[in-house]
Amino acid sequence: MDGGTGFPSADAQDDFSRARREQLLADLGRRLRREPDDVALILPFDEVVDALGRVGEVELGLQTIPLDSIVGTVDRTRDFDRGFRPTTPRVRGRWQRIAAAQRRGEAFPPISVYRVGDLHFVRDGHHRVSVAKSLGREDIDAYVVEVSTRIPLGEDTHVSDLPLKDHERLFRERVPLPTE
């Protein structure tokens, strides 16, 4: 987090503008590199878990998790990109209030996430994750529910990979192969 002006509200406005600019530049860079459209899309939890085959879940309680492990969401697929940069100005008001509170030294309440493998999906706290990443934090406190699945989730999984993951799960369910 940079020092800023010392005025939390003004600094929060600058933080949001910077985060939006970074998102737009990342999108432009992705287009210039001709990467697939879904590379920057935040992963939708329900679609991922359906494709991987949900087996069960267990509450792990309060933990500190790395922000870089957060790749998806339960419900806000359009407001943030995969890097949790805001994709729309409509989140500005709440985002700036959270950023100003953080700059005043107020503590973030823990977020709530699902864990699938080593990756996390936000249930509650999307704006807090976005602000924390924008301000250069590396981790965040979260209430974690671990979801186990039939097949693993890879770090490089994109939305377009989900139909293939679904087919892989179905194949493994129907054709029992010996484990190594």
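In this predicted model, the structure holds 3 aromatic pairs. One of them joins F45 and F121 in an edge-to-face arrangement, with ring centres 5.5 Å apart and 65° between the planes. This pair brings together distant parts of the chain, since F45 belongs to helix 2 (residues 45-52) and F121 to strand 5, 76 residues apart. Both rings are covered: F45 has a relative accessible area of 2% and is buried, and F121 is buried at 0%. A further pair is formed by F80 and F84, whose ring centres lie 5.8 Å apart with planes at 25°, so this pair is stacked. F80 and F84 are both buried as well. A pair of aromatic rings is described by the distance of the centres and the angle of the planes. Beyond the pairs, F45, Y114 and F121 make up one aromatic cluster.

It helps to place these rings in the overall fold. The protein contains 5 helices and 6 strands, and read from the N terminus the elements follow the order α-β-α-β-β-α-β-β-α-β-α. Of the 180 residues, 42% count as buried. Among contacts with a separation of 6 or more, 79% come from residues 24 or more positions apart. The accessible surface amounts to about 10,200 Å², and carbon and sulfur atoms account for 49% of this area.

The strands assemble into an open sheet of 6 strands in the order 1-3-5-4-6-2, with mixed pairing. Strand 1 (43-44) and strand 2 (54-66) occupy the edges; each has a single partner strand, so one side of each is left without a neighbour in the sheet. Strand 1 runs parallel to strand 3 (residues 70-73), and 2 bridges join them. Here P44 stands opposite T73 of strand 3.

Strand 4 makes a good vantage point for the rest of the sheet. Strand 4 spans residues 111-116, and 6 of its 6 residues are buried. In a regular strand the side chains alternate between the two faces of the sheet. For strand 4, I111, V113 and R115 point one way, while S112, Y114 and V116 point the other way, and all are buried. Strand 4 pairs with strand 6 in the parallel sense over 5 bridges, and with strand 5 (residues 119-124) in the antiparallel sense, also through 5 bridges. R115 takes part on both sides: its bridge partner in strand 6 is E146, and in strand 5 it stands opposite H120. Strands 4 and 5 form a hairpin with 2 residues between them, and G117 in the turn has a positive phi of about 65°.

What lies beneath this covered surface? In soluble globular proteins, nonpolar side chains tend to be buried together. The largest nonpolar core in the model has 23 residues, and those with the most contacts inside it are I70, V129 and I140. Helix 1 (8-32), helix 3, strand 4, helix 4 (126-134) and strand 6 each give two or more residues to this core. A second, separate core of 14 residues includes F45, V116, V145 and L153.

Two residues of the largest core show how it is knit together. Leaving aside residues up to four places away in sequence, I70 touches I65, R82, F84, I111, H120, V122, V129, K133 and I140. I140 lies in strand 6 (residues 139-149) and counts as buried because its relative accessibility is 2%, under the 20% limit. Outside its neighbours within four places in sequence, I140 is in contact with Q63, T64, I65, L67, I70, I111, R128, V129 and A132. I140 and P109 are separated by 31 residues in sequence, with their C-alpha atoms 9.4 Å apart in space.

Helix 3, one of the contributors to the largest core, covers residues 92-103, and its end C-alpha atoms are 16 Å apart; this agrees with the 16 Å that its 12 residues should span at 1.5 Å a residue. Its buried residues are W95, Q96, I98, A99, A100, A101, Q102 and R103. Helix 3 is followed by G105, which has a positive phi near 90°.

Methods: Residues are numbered from 1 along each chain as its sequence is written. This is a predicted model: local features need pLDDT of at least 70, side-chain atom pairs count only at pLDDT 80 or more; totals for chains, interfaces and linings use all residues. Side-chain values use heavy atoms; hydrogens and water are left out. Helices (H or I, at least four residues) and strands (E, at least two) are DSSP runs, numbered from the N terminus. Buried means under 20% relative accessible area, exposed over 50%, partly exposed in between (1.4 Å probe, protein chains only). Contact means heavy atoms within 4.5 Å. The expected span of a helix is 1.5 Å times one less than its number of residues. Two strands pair if DSSP finds at least two bridges between them. Accessible areas come from the Shrake-Rupley method with a 1.4 Å probe; for residues, only the protein chains shown count as cover. A nonpolar core is a set of buried Ala, Val, Leu, Ile, Met, Phe, Trp, Tyr and Cys residues joined through side-chain atoms within 4.5 Å. Rings of Phe, Tyr and Trp (its six-membered ring) pair if their centres lie within 6.5 Å; planes under 30 degrees apart count as stacked, over 60 as edge-to-face and the rest as tilted.
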